[in-house]
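Student: Could you take me through one part of this model in close detail? I would like to see how a single strand sits among its neighbours, and then hear about the cysteines.

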Amino acid sequence: MPEYLPPGVAREDFQSALAEIRSIVGANWVFSNPEGDLQPYLDHMSAVPPESRMPSAAISAASVAEVQGVLQVANKYKLPLWTYGNGKNFAYGGPAPKQAGYLVLDLKRMNRILEVNEESGYCLVEPGVSYYQLYQHLQEKGYQLWIDCAAPGWGGVIGNALEHGAGYTPYADHLLFSCGMEVLLADGQLLRTGMGALPGNNSWQLFKYGFGPYVDGIFSQSNFGIVTKMGFWLMPKPPAYKPFMVTYQNEEDIKPLMDILRPLKMNMIIQNGAVIEHISYSASVQRLRKDLWDKPGVIPDSRWREVADELDLGMWNLYGALYGLPENVEMTWQMVQHELTRIPGAKVYLDGDRPADDAGWNYREKLMRGEPNMTEFNLVNWDGGGHLNFTPMAAMTGKNAWEMFTIFKELLNRHGFDMICEEVAMFRTMITLIMVMFDPRDEDARQRADACSRELVAIAKAHGYGELKANLTYMDIIADMYDGQDDALRKVNQRIKDALDPNGILSPGKSGIWPSNWTGPRY
């Protein structure tokens, strides 16, 4: 059995460090068997062998004090820690560390919902709290508050926000609707941001900025600290909620649709994170690929049109909702319906219009009112379980939408993959979510998926489409996209990293940010 040690750490020092960590968190909460208790920390869905990211150990801490103790040991022995909160995030690497030998610092035992304030509409939670847990807590207590959740409900509330995740209610931008953090710095110093820095304040989760520089953002998608508490604004349950779906018959309809959506989003007429699914995305949630296509090669356009007819859907399918007073919702709906049906062939569906067993409508309707579920995770069964997500962003225009769709479709098809995608309309931008779906047990498919992914990032950069997130494998090349002004952003991140984490122990390589004194490998 191969040995997995932290880079640059001798076996004897590593064993001494683990003994000290066991005395802090308890022996039952330190895992070190590659063939046993470390298996849950592997990623089986990416284009690299799972063992290539085997951690040397995993530590499950239950409190801020325990994490502080672990940090003390990590600094002493120069142990690289990879922080993991909750959820899976499989399309981006799951719970695995960036490289083999890192120690996973698992925070899912820190799972307390510390406060829910119905009067002011907020909560304060720890990293182990999932969307399901928070939703169930609100239901049990009878709070008239909604959460905004990612599509798979097992996600971590804090982890998703720190990765710039989005949802489907008017509170769709999770980092934007966060307020106040508690952060452990690498040396164990505890920091509360915003109003939390003022002892005795009563507005930590109400006012984001406090006094002086706003620092919360530097702890998102970074390795500058470990977030141990985070506040979120919760949406008061509206008097009326009107979900809708509009289907469009032609792929080219995405061009006029995005130009119609832009002013509706900019003026907050459609308030929520509206989703426009391509038929490929809609079908992958409800069907297996082998049941739709049993011939060699990618699924052709003609077959996708047949699938759309079979599912009573369009080539593009828009899911949105309106919220507010009943009379205002109905008045607004008249205008929204008029605008969204200006495209010939558009069909409108409201609550009750779809069959009771329509999985696509049912889970989207739940998401747009903040009810977590797992329906969308069915898509991992599409073609063997492997999948890589990419999220290039652009201005919300029909020209961009069509260009992105056609460019990336040609790329994926050329590498032998179906183009499975959706568009998410945010405030002024659109996120194009592209899924490279493959069988990770097929070595040829894995190599093609990796080659396709690398080319996808390069094409996105050439067109000025920045990636929103990154799988572990592609963090460095995606960070390389943001190299303007003589690589100024990377240099600033480097200086912050070295100042806050001089020993470089916190998630080396996260988001392409490496300690300047790092001498280990950079896979």
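**A close look at strand S14**

Tutor: Happy to! A good place to start is a facing pair: Pro243 stands opposite Ala321 in S14. Keep in mind as we go that this is a predicted model. The pair belongs to a longer contact, in which strand S12 (residues 240-248) and S14 run antiparallel and are joined by 9 bridges. S14 also has strand S13 (residues 274-278) as a partner, again antiparallel, with 4 bridges between them. In that pairing, Val275 has Tyr319 of S14 as its bridge partner.

Now look at how S14 is covered. The strand spans residues 316-324, and 9 of its 9 residues are buried. One set of residues, Trp316, Leu318, Gly320, Leu322 and Gly324, points one way from S14. Asn317, Tyr319, Ala321 and Tyr323 point the other way, and both sets are buried.

On to the cysteines. A disulfide is a covalent bond between the sulfur atoms of two cysteines. With a cut-off of 2.5 Å between the sulfur atoms, the count here is 0 disulfides. Take Cys123: its closest cysteine sulfur is in Cys179, 11 Å away, so the two are too far apart for a bond. Cys123 is also buried, with a relative accessible area of 0%. Cys452 can be read in a similar way, because its sulfur is 13 Å from the closest cysteine sulfur, in Cys421, which is too far for a bond. Cys452 is buried too, at a relative accessible area of 0%.

Notes. Residues numbered from 1 in each chain as written. Predicted model: local features only at pLDDT ≥ 70, side-chain atom pairs only at ≥ 80, totals over all residues. Heavy atoms only, no water. Buried < 20%, exposed > 50% of the residue type's maximum accessible area, 1.4 Å probe, protein only. Helix = DSSP H or I, 4+ residues; strand = E, 2+ residues; numbered from the N terminus. Pairing = 2+ DSSP bridges.
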